[in-house]
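Please explain how this protein is put together, moving from its sheets to its charged pairs and then to its nonpolar interior. A reading in connected paragraphs would be most useful.

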Amino acid sequence: MISVGDYVTRKSYENDIVFEVIEMEGADCILKGVDIRLVADAPIKDLVPCDRSKAGDDFFPSIDCFKNLDRSEYFYIPGKVLHLDSDKSYLERCLDFYKKNNVLAFGKSLKESAMPGEVMKYLKQYNPDILVVTGHDAYFNKRDDGYGSYKNSENFCKTVLEARKYEKSNDKLIIIAGACQSNYEELIKSGATFASSPKKINIHALDPAIIATSLSLLDRSESADLLNLLEKTKYGKDGIGGLKSKGTMYVGYPRNEE
């Protein structure tokens with residue numbers, strides 16, 4: 001018997017993704033990916049109960065290769081992150097990732113449709129170096145081309161456009177936008193520095209935070225190795241792409257040990 005809160009996989013997709021059942025509607029269930037930013041529906045008869053551990057996801061990459069901040073006479077001020085996310089549980093995972101990497105990040109949980117109207121307020125409040133705009137999305141290949149083919153890409157694009165009214169320069173405000181299967185081309189055209197998803201695939205819950213953290217911990221005078229940066233995400237360049245960018249971290253001297 002399948003119930004809300006159970007972990008399941010879908011037989012029709014060869015049990016490739018572990019989901020949590022978040023709602024039941026008659027003979028169907030609404031599912032949310034445990035590690036993948038995906039919300040889907042499926043008939044109960046297609047579901048196979050499984051253990052949470054079957055997700056097998058220990059994906060928590062180290063950003064140590066950018067800077068060893070603890071063994072130096074210099075001091076470091078990483079770039080500040082503002083993270084807007086429609087999914088509270090994914091937002092909490094990302095905020096935990098920022099915290100463990102000593103990155104100052106502020107998170108707000110907003111519905112995708114509310115983001116365009118709220119982003120300016122939070123940009124003015126926090127004045128971040130990096131803005132993350134993410135949540136859930138989907139590509140429907142049976143629909144017409146354009147925004148109608150995507151669940152939330154239009155909301156993400158509008159949010160990016162609003163953010164660019166606040167700061168036009170990619171050097172002064174890095175924007176990371178999109179979720180699973182988002183309209184990569186339109187997000188970049190709207191002003192995103194990095195976006196998902198070039199191959200219209202699903203992305204990991206932590207992928208936007210990985211890009212943000214890496215750039216937060218990179219010296220402002222240094223340019224990121226774009227290919228290396230993208231490969232830090234779960235699915236590499238197929239899941240997220242973007243523009244060559246510099247870091248956002250200030251470096252000072254000397255460190256005060258008192």
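The paragraphs below take the strands first, then the salt bridges, and then the nonpolar cores.

The model is a predicted one. Among its strands, five form an open sheet with antiparallel pairing, in the order β4-β3-β2-β1-β5. The edges of this sheet are β4 (39-43) and β5 (47-49), each of which pairs on one side only. From one strand to the next, the twist averages 45°. At the β4 end, β3 and β4 run antiparallel and are joined by five bridges. Within this pairing, Leu31 stands opposite Ala40 in β4.

A second place to examine strand pairing is β9, which spans residues 130-134. Parallel pairing joins β9 to strand β7 (residues 81-85) over five bridges. Leu84 has Val133 of β9 as its bridge partner. β9 also pairs with strand β10 (residues 174-177), again in the parallel sense, over four bridges. Here the bridge partner of Val132 is Ile176 in β10.

Is β9 covered or exposed on its two faces? In a regular strand, side chains alternate between the two faces of the sheet. In β9, Ile130, Val132 and Thr134 lie on one side, while Leu131 and Val133 lie on the other, and all of these residues are buried. Both faces are therefore covered, since buried denotes a relative accessible area under 20%. The strand as a whole is mostly covered, with five of its five residues buried.

The charged side chains come next. Opposite charges on side chains can pair when the charged atoms come close. The model contains 10 salt bridges. One of them joins the side chains of Lys32 and Asp87, with an N to O distance of 3.2 Å. Lys32 belongs to strand β3 (residues 28-33) and Asp87 to the loop between β7 and α1 (88-100), so this pair ties together parts that are 55 residues apart in sequence. Lys32 counts as buried because its relative accessibility is 14%, and the threshold for that class is under 20%. Asp87 is buried as well, with a relative accessible area of 7%.

The surroundings of Asp87 include further contacts. The side chains of Asp87 and Ser89 are joined by a polar contact of 2.6 Å. When residues up to four places away in sequence are not counted, Asp87 touches Lys32 and His136.

Two other salt bridges lie within helices. In helix α1, Lys100 and Asp96 are four residues apart, about one turn of the helix. These two residues form a salt bridge whose closest N and O atoms are 3.4 Å apart. Lys100 is exposed, at a relative accessible area of 55%, whereas Asp96 is partly exposed, at 32%. In helix α4 (residues 184-190), Glu186 and Lys189 are three residues apart, so about one helical turn separates them. Their side chains meet in a salt bridge of 3.7 Å, N to O. Glu186 is partly exposed, with a relative accessible area of 27%, and Lys189 is exposed, with 64%.

The nonpolar interior remains to be described. In soluble globular proteins, nonpolar side chains tend to be buried together. The largest nonpolar core here has 25 residues, of which Tyr98, Ile176, Phe194, Ile211 and Leu215 touch the most other members. At least two residues of this core come from each of α1, β9, β10, α5 (207-216) and α6 (226-231). The most is given by α5, with five residues. Ile211 touches Ile176, Phe194, Leu229, Leu230, Thr233 and Ile240, leaving aside residues up to four places away in sequence. Separate from this core is a second one of 22 residues, which includes Val133, Leu173, Ala177 and Ala192. Val133, a member of this second core, is also the β9 residue that forms the bridge with Leu84.

One further buried position is Met249, in the loop between β12 (241-242) and β13 (250-252). The relative accessible area of Met249 is 0%, and the residue is buried. Met249 and Leu218 are 31 residues apart in sequence, yet their C-alpha atoms are 5.5 Å apart in space.

Methods
Residues numbered from 1 in each chain as written. Predicted model: local features only at pLDDT ≥ 70, side-chain atom pairs only at ≥ 80, totals over all residues. Heavy atoms only, no water. Buried < 20%, exposed > 50% of the residue type's maximum accessible area, 1.4 Å probe, protein only. Pairing = 2+ DSSP bridges. Salt bridge = Lys/Arg side-chain N within 4 Å of Asp/Glu carboxyl O. Axes fitted to C-alpha atoms, helices over the stretch in contact; angles between N-to-C directions. Polar contact = N/O pair within 3.5 Å; in protein donor to acceptor, adjacent residues only side chain to side chain. Contact = heavy atoms within 4.5 Å. Core = buried A, V, L, I, M, F, W, Y, C linked by side-chain atoms within 4.5 Å.
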